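Colleague: I would like to go through some of the labels used for this model and hear the reasoning behind each one.

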Protein chains: 2
Amino acid sequence: MGHNSKDERRKILEQELSQHPFFTDDELAARFKVSVSTIRLDRGALGIPELRERTKAVAQEAYSTLKSLDDQELIGELRELVIGERACSELMINESMVLAKARVARGHYLFAQANSLAVALVDSPMALTGSVELKFIRPVQLGELVVAVGKVIKRKKNKYWVQVSVRVGTEEVLRGDWVLFAINR
Amino acid sequence: MGHNSKDERRKILEQELSQHPFFTDDELAARFKVSVSTIRLDRGALGIPELRERTKAVAQEAYSTLKSLDDQELIGELRELVIGERACSELMINESMVLAKARVARGHYLFAQANSLAVALVDSPMALTGSVELKFIRPVQLGELVVAVGKVIKRKKNKYWVQVSVRVGTEEVLRGDWVLFAINR
DNA sequence: TTATAATTGTGACCAGGTCACAAGTTCGTG
DNA sequence: CACGAACTTGTGACCTGGTCACAATTATAA
């Protein structure tokens, strides 16, 4: 066989499976015009488990992350919370939060962190965002740790004014003013 | 057997499996102190497929939503786009987007839809949000179809002013003004 | 041409099922 | 108490998508 046909095939196989893990060995054999045995040897050499194991892995991974997203009323991790006064949360910017091209956090993740922090500050089982003014001061890069600090600056009955400042280190990257309403049905 | 022991078991079985789909029939049999055959009958009656099918379903669902989230530079489905002019997208509010208590859409989903629409309008491989002013006019309920319409109202070099109006039916639920910057590295 | 590497085929076995059917158990009611 | 209906259990044949070990075949490079 070609000096590199095997290694090349294995490289492609590895890529394909990492991108699209739901192929049987039969399908792979057809796709690579090679016997099933060869595919099995290749998988073995590459340490890639069988279809069912791959499926299971995807399912379990996804299952656990879905679960945790479900609980996530608050985006980021809460560090401090004095309801009606001040709060602070942290968010690590990971792969799933950045624009593919730019490795820069999508605006709505930062908004989500700040907004959920503002909501948490309201002394009520439920709060709705009324209006917001915000400035994105500089883009946030992949891997940066973002810290949001929120303060209630005014309150009139069920209406709250909250200021949120989002920082990376000491540098402010986002600042916003929220007006929220407490609903206490 | 008890007058309701079967129906009760099936009810619990259904719940258990919907919450935690990775049990084999053997494990379920042990758990319910009943034979494997009975579990199979129960599953059959409830229309619940075997472990592998369940795993596959979870994996594929998760895989496709992960994929689409990955591609999802844009939140919602694009209906119209004339870059640099106007655009329109739709978003169906589902379970995962609402606050557990109130069945009302979390603010950051609406923001995400509007923000990603605004970003899409900018004629550039990449755009960053500069500042935003927005008003949440009324909360959006679970199951409502949200339509966002964006217009570029002004442009100066790489700086864009975009207005986004988000509606449910004819009713405006969110309105905002964005200032964005095109990055053309 | 021949040694070596790569590929292919074969047969036995496994988990976690499906399906059809027979046999055993429990229960309420006459 | 007996009996029929509902429920439960067991059995055997078969399926998919593999594993593993080993033998046979087919390139390919020297």
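Colleague: Where is Glu133(A) found?

Modeller: In this predicted model, Glu133(A) is found in strand 3 of chain A, which covers residues 126-136.

Colleague: Why is Glu133(A) called partly exposed?

Modeller: Its relative accessibility is 46%. Buried means under 20% and exposed means over 50%, with partly exposed in between. The value for Glu133(A) falls in between, so the label is partly exposed.

Colleague: Which residues form the negative surface patch with Glu133(A)?

Modeller: Asp177(A), Glu133(B) and Asp177(B) form the patch together with Glu133(A). Asp and Glu count as negative, so the patch is called negative.

Colleague: There is a nonpolar patch as well. What is it made of?

Modeller: The nonpolar patch on the surface consists of Leu78(A), Leu81(A) and Ile83(A), and together they have about 240 Å² of accessible area. Leu78(A) sits in strand 1 of chain A, residues 77-82.

Colleague: What makes Leu78(A) eligible for a patch?

Modeller: A patch residue needs over 30% relative accessible area. Leu78(A) has 38%, so it passes that cut-off. With that value Leu78(A) is partly exposed.

Colleague: How do you know that Asp25(B) and Arg43(B) form a salt bridge?

Modeller: Their side chains meet at 2.7 Å, N to O. The limit is 4 Å between a side-chain nitrogen of Lys or Arg and a carboxyl oxygen of Asp or Glu, so this pair counts as a salt bridge. The pair links distant parts of the chain: Asp25(B) is in helix 2 (residues 25-32) of chain B and Arg43(B) is in helix 3 (residues 36-46) of chain B, 18 residues apart.

Colleague: Are those two residues buried or exposed?

Modeller: Asp25(B) has 8% relative accessibility, and Arg43(B) has 10%. Buried means under 20%, so Asp25(B) and Arg43(B) are buried.

Colleague: What makes Glu85(B) and Arg86(B) a salt bridge?

Modeller: The closest N and O atoms of Glu85(B) and Arg86(B) are 3.4 Å apart. That is within 4 Å, so the pair qualifies. Glu85(B), at 45%, and Arg86(B), at 37%, are each partly exposed.

Colleague: How many salt bridges does the structure hold?

Modeller: There are 26 over all chains. One of them joins Glu172(A) and Arg175(A) at 3.1 Å, N to O.

Colleague: How many disulfides does a search of the whole structure find?

Modeller: The search finds zero over all chains. A disulfide is a covalent bond between the sulfur atoms of two cysteines. To count here, a pair of cysteine sulfur atoms must be within 2.5 Å. Zero disulfides were found, so no pair of cysteine sulfur atoms meets that limit.

Colleague: Why is Cys88(A) called buried?

Modeller: Cys88(A) has a relative accessible area of 14%, which is under 20%, so the label is buried. Cys88(B) is also buried, with 14%.

Colleague: What is noted about phi of Lys33(A)?

Modeller: Phi of Lys33(A) is near 50°, a positive value in a residue other than glycine. Lys33(A) lies in the loop between helix 2 (25-32) and helix 3 (36-46) of chain A.

Colleague: And why is Lys33(A) called exposed?

Modeller: Its relative accessibility is 78%. Exposed means over 50%, so Lys33(A) counts as exposed.

Notes: Residues numbered from 1 in each chain as written. Chains lettered and ligands numbered in written order. Predicted model: local features only at pLDDT ≥ 70, side-chain atom pairs only at ≥ 80, totals over all residues. Heavy atoms only, no water. Patch = residues over 30% accessible without salt bridge, like charges linked within 9 Å, V, L, I, M, F, W, Y side chains within 5 Å. Areas by Shrake-Rupley, 256 points an atom, 1.4 Å probe, with all protein chains shown as cover. Charge placed at Lys NZ, Arg CZ, Asp CG, Glu CD. Helix = DSSP H or I, 4+ residues; strand = E, 2+ residues; numbered from the N terminus. Buried < 20%, exposed > 50% of the residue type's maximum accessible area, 1.4 Å probe, protein only.
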